[in-house]
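Student: Could you take me through how strands, helices and the relation between two chains are read from a model of this kind?

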2 protein chains.
Amino acid sequence: MQVSEIDEFKLINRLSNLVKSNSSKIELGIGDDGAVINNQNDQQTIITTDMLIEGTHFLKDKVSPFQLGYKSLAVNISDIVAMGGRPTYLTISLGLPKSTTVKYIEDIYNGINNLAQEYKISVIGGDTTSSPNDLIININLLGEVPKGEYISRSNAQVGDSILVTGNLGASKAGLEILLSANYQKLKEEYPYLINKHLEPQPRLSEMQLVKKQFNITSMNDISDGLASELHEITSASKVGALIYEEMIPISHSTKELAQNLNKSTLDYALFGGEDYELLFTTPASQSQKVKEKIETELDTQISIIGEITTLDKGINLIKEDGKVKVKKQGYNHF
Amino acid sequence: MQVSEIDEFKLINRLSNLVKSNSSKIELGIGDDGAVINNQNDQQTIITTDMLIEGTHFLKDKVSPFQLGYKSLAVNISDIVAMGGRPTYLTISLGLPKSTTVKYIEDIYNGINNLAQEYKISVIGGDTTSSPNDLIININLLGEVPKGEYISRSNAQVGDSILVTGNLGASKAGLEILLSANYQKLKEEYPYLINKHLEPQPRLSEMQLVKKQFNITSMNDISDGLASELHEITSASKVGALIYEEMIPISHSTKELAQNLNKSTLDYALFGGEDYELLFTTPASQSQKVKEKIETELDTQISIIGEITTLDKGINLIKEDGKVKVKKQGYNHF
């Protein structure tokens, strides 16, 4: 059945049956003009929004609708996590070409709902409408954080260590596979890279654990590439940074693929983007403890990749063959 | 300058300079991964979202970017108002074709900001991205309402009067002008109709006044047409409704235009949609007082158009030439 064949109200009804509420604080959910939430007294609300558009953010034939829904929420969760918050409520706006099947839309919702359940997020509303050309998904996500406990990007201090979760560049490598003429073969060969690109795992547990026990002075999620996020932190904190090429975590598959395609692994890690790993700073005296704590308790790799320097130094990368300035370049949508 | 010629960060910076904060409760606004808001203890949060897509919701050559921004927010404010809430914070997602000029985007923001200032709403974040074909605007709006004081659509009682603010069908008449071959001439002749379609005025003051002094049992904003909204209220409240053709408020211009185009004025009012007037119910004993109060204090026309009946009666319209069932038909996006 195509979306043009179903009554809009019936569609909304079908879609709302796909989602479940995770909260007793919802006074009124889907089905009215808006949703009503009972706030807790000592919590602050966080809001983030991200729009995915066919042709710009994804190619419909290279991603399943489930993955599309999953990723559209994952990128928003990652933003809330990078603020030190817990994701809570979301709304979904869908722009749908007339030829979209109801099954396809339901699968998008299933992808969203699957991740929402895992992170105990409630879907509380949305808007579905017709789109003349491209499929569009916009998610707006709320989060909460105890009063005054959010983590901004503007408090990194000279001497702090710079850390990242997981490894970098794998998502870019996955994207290269999707765009490659050799797609089918490479996809089978490197499932990890495809997965990192299509189903990134937001680092909620990691953030919660480090925040609870350590002084985290700044945090960003790596959506636009390490270089770009590092520039955001140093610019907001009015500091510089020094990072070491040999310390940047890059997976074996990423290195192998880059080599196969004759591309620079370092470029993938610095400028590739969409890794949705966490980049954060903590006093140097704590960095080793942070690393051990997370690696022991969550089995998540943590890398200390450098340190915060004074503003006048800018951002420098110590390469194996010398020192270079790190350009701000990241993924630019335009 | 086209959007493809400007650095994304510079664009965001320019855009954030266009908006102003209206609240001391914003702990952290535009410029980080998310925004942080201090909640009040005794308030509930309301969330609503609406997506406007070129070709589906508007034609770029018939609407100014200012009007586009204005309307994209107006439709969301109207949703918050219909819940009995006060709009507070908004995020904006923009999908922009590469050829979009920065001026055009700034004018969209100006349109949003103009209305935001009028309603004391703060713009707290957003997402701008490239769109391969169509211009897309998605606004997510939060609102607040004192605990337990929101107005749903599900509490209309048998015997209640049915009221509407303003007049109906004018927005549809305005749309017909935009789509007409005679566009230039009709536009000059009927500025009121064009204005009702492109710059609807959400009824915040009216809602606040009636809510303060009277028992409002249900409320919807008329986005999909009177028939559709009435069906939503009766279905949610498990009641029926009886309305009178002669009581439905229709402006002189709307009647004249419909006659010129050989269309049914009643169809405009029942099924036209996008009026963004309020439809609400109140005990019959109060309806005349509600009408007088709003007309005296705010100079806004209020019409008592019928009454709530039992569920088994359905929705009936008393026409001048007899009684008919009112179909659920409204604007269907697909």
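Student: How many bridges join strand 8 of chain B and strand 10 of chain B, and in which sense do they pair?

Tutor: In this predicted model, strand 8 of chain B pairs with strand 10 (residues 278-282) of chain B over four bridges, and the sense of that pairing is antiparallel. One position to look at is Ser218(B), which stands opposite Thr281(B) in strand 10 of chain B.

Student: Are the faces of strand 8 of chain B covered or exposed?

Tutor: Burial here is a matter of relative accessible area, with under 20% counting as buried. In strand 8 (residues 218-221) of chain B both faces are covered, since Ser218(B) and Asn220(B) are buried on one side and Met219(B) and Asp221(B) are buried on the other.

Student: Where does strand 8 of chain B stand in the sheet?

Tutor: The sheet of chain B is open, has seven strands in the order 8-10-7-11-9-12-13, and its pairing is mixed. Strand 8 and strand 13 (322-325) of chain B stand at the edges with a single partner strand each, and therefore one side of each has no neighbour in the sheet. From one strand to the next, the twist averages 25°.

Student: What pairs with strand 9 of chain B?

Tutor: Strand 9 (residues 240-244) of chain B pairs with strand 11 of chain B, again in the antiparallel sense and over four bridges, and within strand 11 of chain B the bridge partner of Ile243(B) is Gly306(B). Helix 11 (residues 284-298) of chain B packs on the sheet, where it touches strand 7 (161-165), strand 10 and strand 11 of chain B, and its direction makes about 160° with that of strand 11 of chain B.

Student: Is Ser303(B) buried or exposed?

Tutor: Ser303(B), which lies in strand 11 (residues 302-309) of chain B, has a relative accessibility of 8% and therefore counts as buried. Leaving aside residues up to four places away in sequence, Ser303(B) touches Ile162(B), Leu163(B), Val164(B), Gly166(B), Met247(B) and Pro249(B).

Student: Turning to chain A, which strands does helix 11 of chain A lie across?

Tutor: Helix 11 (residues 284-298) of chain A lies across strand 7, strand 10 and strand 11 of chain A, and runs at about 165° to strand 11 of chain A. A check on its length compares an expected span with the one in the model: at 1.5 Å a residue, the 15 residues of helix 11 of chain A should span 21 Å, and the end C-alpha atoms are 21 Å apart, which agrees.

Student: Which residues are buried in helix 11 of chain A, and why do they count as being on the same side?

Tutor: The buried residues in helix 11 of chain A are Gln286(A), Ser287(A), Val290(A) and Ile294(A). Because they cover an arc of only 115° around the axis, they are on the same side of helix 11 of chain A. Their cover includes strand 7, helix 7 (204-213), strand 10 and strand 11 of chain A, whereas the face turned away from the buried side carries the exposed residues Ser285(A), Lys289(A) and Thr296(A). Just after helix 11 of chain A, Asp299(A) takes a positive phi of about 60°.

Student: What rotation superposes chain B on chain A?

Tutor: A rotation of 180°, with 0.0 Å of shift along its axis, superposes chain B on chain A with an RMSD of 0.0 Å, and that is the relation of a two-fold axis. The C-alpha of chain B nearest the axis belongs to Asn41(B), at 2.4 Å from it. The same surface serves both copies, as 100% of the contact residues of chain B recur in chain A.

Technical notes: Residues are numbered from 1 along each chain as its sequence is written. Chains are lettered from A and ligands numbered from 1 in the order in which they are written. This is a predicted model: local features need pLDDT of at least 70, side-chain atom pairs count only at pLDDT 80 or more; totals for chains, interfaces and linings use all residues. Side-chain values use heavy atoms; hydrogens and water are left out. Contact means heavy atoms within 4.5 Å. Axes are lines fitted to C-alpha atoms, for helices over the stretch in contact, and angles run from 0 to 180 degrees between N-to-C directions. Helices (H or I, at least four residues) and strands (E, at least two) are DSSP runs, numbered from the N terminus. The expected span of a helix is 1.5 Å times one less than its number of residues. Buried means under 20% relative accessible area, exposed over 50%, partly exposed in between (1.4 Å probe, protein chains only). The arc is that of the directions from the helix axis to the C-beta atoms. Copies are superposed by least squares on the C-alpha atoms of residues with pLDDT of at least 70 in both. Two strands pair if DSSP finds at least two bridges between them.
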